[in-house]
Amino acid sequence: MTYSEADHVAMARALQLAERGLETTTPNPRVGCVLMKEGSIVGEGWHRRAGEPHAEVIALRAAGDTARGATAYVTLEPCTHHGRTPPCADALIAAGVTRVVAAMEDPNPLVAGTGVGRLRAAGLAVTTGLLASDAHELNIGFVSRMTRGRPWVRLKTASTLDGKTALNNGVSQWITADAARRDGHRWRARACAVLTGIGTVREDDPQLTVRAVPCERQPLRVLVDARLDIPLSAKLLQGGGCLIATAIEDCEKSAALAALGAEVVVLPNGRGKVDLPSLMRELGDRGINEVHVEAGLKLNGSLLRENCVDELLLYVAPMLVGDAAQGLFNLPELVQLDRAIRLQWRDVRFIGGDLRVLARPLKAGT
């Protein structure tokens with residue numbers, strides 16, 4: 001399918017609108033819609049949060065009667081199922097839209113091509129694939145949950161140039177500068193959940209909330225704590241909204257944690273640790289699209305070894321602290337390079353005086 005320059009401009013605008021819901025739409029996808037007629041935008045909208053109108057409905061309301069005969073540019077295939085809101089495909093048909101351009105088909109099994117089919121059956125011209133890769137990246141967590149049953153996991157670290165996250169005595173504040181830390185909070189804000197381990201709680205007593213940037217919705221805080229060692233005074237437990245994954249049954253401690261607003265799930269593996277793949281499936285079942293990990297080298301290494309990491313978000317400071325300092329990942333020694341975890345660079349840029357690198361582990365055979 002060949003698209004015109006006007007098509008590209010309209011879809012790029014729809015993607016810009018969809019991005020406005022970056023931090024608020026969970027568990028729903030981020031969606032934008034632009035209605036074009038005779039070369040002009042007659043309506044546009046974006047989905048803000050679950051339970052509120054979808055992007056197409058907002059755009060149609062803005063357009064009113066001028067929607068008849070218009071082209072709708074939507075970043076995701078219009079839905080056909082009744083959820084908290086009526087089907088968007090039906091709304092487009094009723095409004096008299098004659099053409100629909102969707103960036104990508106909806107991976108949700110409740111839709112999965114039925115939106116395109118219903119629109120075509122009603123006589124609308126429908127195409128998909130315009131700026132599809134951009135739309136996919138915008139909703140990479142939603143796609144992951146719909147197709148794999150688990151969220152997209154992004155592991156964030158901050159290290160020196162020689163790959164150290166803290167001195168041997170535990171001092172780590174601050175390796176990176178203010179700009180990098182604010183940027184890290186932006187990534188927290190877009191995530192549905194922020195995950196850490198009990199070691200980090202013991203050493204740093206973090207809040208794991210979004211504070212350095214404006215945020216309408218705080219992510220769920222998730223703790224991996226195999227022996228349920230978290231002290232009841234931990235900052236992580238303040239304000240509720242905490243899920244603790246453990247490997248043991250401890251009714252008394254679980255009740256005390258529940259009284260503080262935390263929830264405990266027992267997910268043991270055969271080694272007395274938390275079963276991390278099972279935890280990811282649990283989070284997927286709870287509607288979590290993106291997980292942002294801020295943990296220590298032990299949990300970081302375990303997540304990598306168990307293939308639970310989809311993306312690395314690395315902040316590198318221009319300093320050297322020596323071999324005795326603490327590293328990034330607790331991984332086994334290799335004697336062959338072909339067993340190394342290989343990565344694909346996705347983005348490299350400066351954030352203030354620090355370097356930010358986005359990289360993704362390559363899957364077997366790639």
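**Exercise 1.** How many bridges join strand β6 to strand β12, and do the two run parallel or antiparallel?

*Solution.* Keep in mind that this is a predicted model. Start with the stretches themselves: β6 covers residues 152-160 and β12 covers residues 311-317. Between them there are 7 bridges, and the strands run parallel. To see one spot in this pairing, find T157, which sits opposite L314 in β12.

**Exercise 2.** Work out which strands stand at the edges of the sheet, and why one side of each lacks a neighbour.

*Solution.* First, write down the order: β10-β9-β8-β7-β11-β6-β12-β14-β13, which is an open sheet of 9 strands with mixed pairing. Next, look at the ends: β10 (262-266) and β13 (343-351) each have a single partner strand, so one side of each is left without a neighbour in the sheet. Finally, add the twist, which averages 20° from one strand to the next.

**Exercise 3.** Find out how domain 1 and domain 2 meet, starting from the residues in contact.

*Solution.* Begin with the bounds: the domain assignment gives 5-142 for domain 1 and 150-361 for domain 2. Then count contacts: 14 residues of domain 1 touch 14 residues of domain 2. Now the area: the two domains bury about 1,200 Å² between them, with 43% of it on carbon and sulfur atoms. On the domain 1 side, E23, T26 and I140 supply 44% of the area buried against domain 2, more than any other three residues. Last come the charges: 5 salt bridges are found across this interface.

Terms used
Residues numbered from 1 in each chain as written. Predicted model: local features only at pLDDT ≥ 70, side-chain atom pairs only at ≥ 80, totals over all residues. Heavy atoms only, no water. Pairing = 2+ DSSP bridges. Helix = DSSP H or I, 4+ residues; strand = E, 2+ residues; numbered from the N terminus. Axes fitted to C-alpha atoms, helices over the stretch in contact; angles between N-to-C directions. Domains from an automatic or database assignment. Contact = heavy atoms within 4.5 Å. Buried area = accessible area lost by both parts, 1.4 Å probe. Salt bridge = Lys/Arg side-chain N within 4 Å of Asp/Glu carboxyl O.
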